[in-house]
Amino acid sequence: NTFTIKKTSTGATIPLLASQQVVNRAFGAPSSSVQHYGEMDDITYTKSNYSGLTIYFNSGKTAYLDFATTAYGLVFNNQVIKAGNNISTLSSLFPGSYALRTDGQIFIELQADGVMTDARIVIAFNQYDKITDIVLAQ
């Protein structure tokens, strides 16, 4: 199973780790784009905003993304996960991660070809169990 990001208004989707070219083709040109230096990694990223979706690109590839709006959703097994959803909707999709939720966050570790990677999806939720933010970090 794979993850995609869906733009709610158009239905356009991109793979979770899409290139900048693929994102621009699907979602249009970013509303803003600036260079951003990451001190921890010693890398200069291109930080692009797509009206509610922020993506940091490293050499044209997604390194980090973040959205806290209903304008975009994370799609897995044909289920759209977005801000405002109740976290209980994640219990059947990610039972292990859901059981380990803590401090207002659910961590979903990602694998490539059956091997764990450094990438993870972090889904934040508030005291009402509503999703407030979805992040891909690697």
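In the hairpin that S4 and S5 make, with 3 residues between the strands, Ser-51 takes a positive phi near 45 degrees; I should say straight away that this is a predicted model, and that every value I give today is computed from it. Staying with that hairpin, the two strands run antiparallel and are joined by 4 bridges, and across from Lys-47 you will find Tyr-56 of S5.

If you now step back along the chain, S4 also has a partner in S3, and here 7 bridges join the two strands, which again run antiparallel. These strands too form a hairpin, with 4 residues between them, and Asp-42 in the turn has a positive phi of about 55 degrees. At that end of the pairing, Gly-38 has Ile-43 in S4 as its bridge partner.

Let me put one residue of S4 on the screen, namely Thr-46, which sits in the strand that covers residues 43-49. Is Thr-46 buried or exposed? Thr-46 counts as buried, because its relative accessible area is 18%, and the cut-off for buried is under 20%. Its side chain makes a polar contact with the side chain of Gln-35, at 3.2 Å. Once neighbours within four places in sequence are set aside, the residues in contact with Thr-46 include Ser-33, Val-34 and Gln-35, and also Ile-55, Tyr-56 and Phe-57, with Gln-20 as another.

Moving on to S6, which spans residues 61-67, I would like you to look at Leu-65. Leu-65 has a relative accessible area of 2% and is therefore buried. Which residue, 71 residues apart from Leu-65 along the chain, has its C-alpha atom at a separation of 5.1 Å? That residue is Leu-136. Leu-136 is also among the residues that Leu-65 touches, when those up to four places away in sequence are not counted, and the others include Ile-134 and Val-135, Leu-53, Thr-54 and Ile-55, as well as Ile-5 and Leu-16.

That brings me to the second largest pocket, whose volume is about 170 Å³. Strands S3 and S6 each supply at least two residues of its lining. Among the lining residues are His-36, Gly-38, Glu-39, Met-40 and Asp-41, together with Tyr-45, Tyr-56, Ala-63, Tyr-64, Ala-137 and Gln-138. Taken by class, that lining holds 6 nonpolar, 3 polar and 2 charged residues. Two residues I have already mentioned come back here, since the list includes Gly-38 and Tyr-56.

Let me return to backbone angles for a moment. As background, most residues other than glycine have a negative phi. Against that, Ser-59 shows a positive phi of about 55 degrees although it is not a glycine, and its place is in the loop between S5 and S6. Ser-59 counts as exposed, because its relative accessibility is 71%. Asn-78 is another such residue, with a positive phi near 65 degrees, and it is found in the loop between S7 and S8. With a relative accessible area of 76%, Asn-78 is exposed.

I will end with a helical residue, Ser-97, which is found in helix H2, residues 95-99. Ser-97 is buried, because its relative accessible area is 17%, and, leaving aside neighbours within four places in sequence, it is in contact with Ile-106, Phe-107 and Ile-108.

Terms used: Residues numbered from 1 in each chain as written. Predicted model: local features only at pLDDT ≥ 70, side-chain atom pairs only at ≥ 80, totals over all residues. Heavy atoms only, no water. Buried < 20%, exposed > 50% of the residue type's maximum accessible area, 1.4 Å probe, protein only. Polar contact = N/O pair within 3.5 Å; in protein donor to acceptor, adjacent residues only side chain to side chain. Contact = heavy atoms within 4.5 Å. 1 Å grid on protein atoms, 1.4 Å probe; cavity = no way out; pocket = protein on both sides within 12 Å on 5 of 7 lines; lining within 4 Å. Points joined across faces, edges and corners; volume = space filled by probe spheres on them. Nonpolar A, V, L, I, M, F, W, Y, C, P; charged D, E, K, R; others polar. Pairing = 2+ DSSP bridges.
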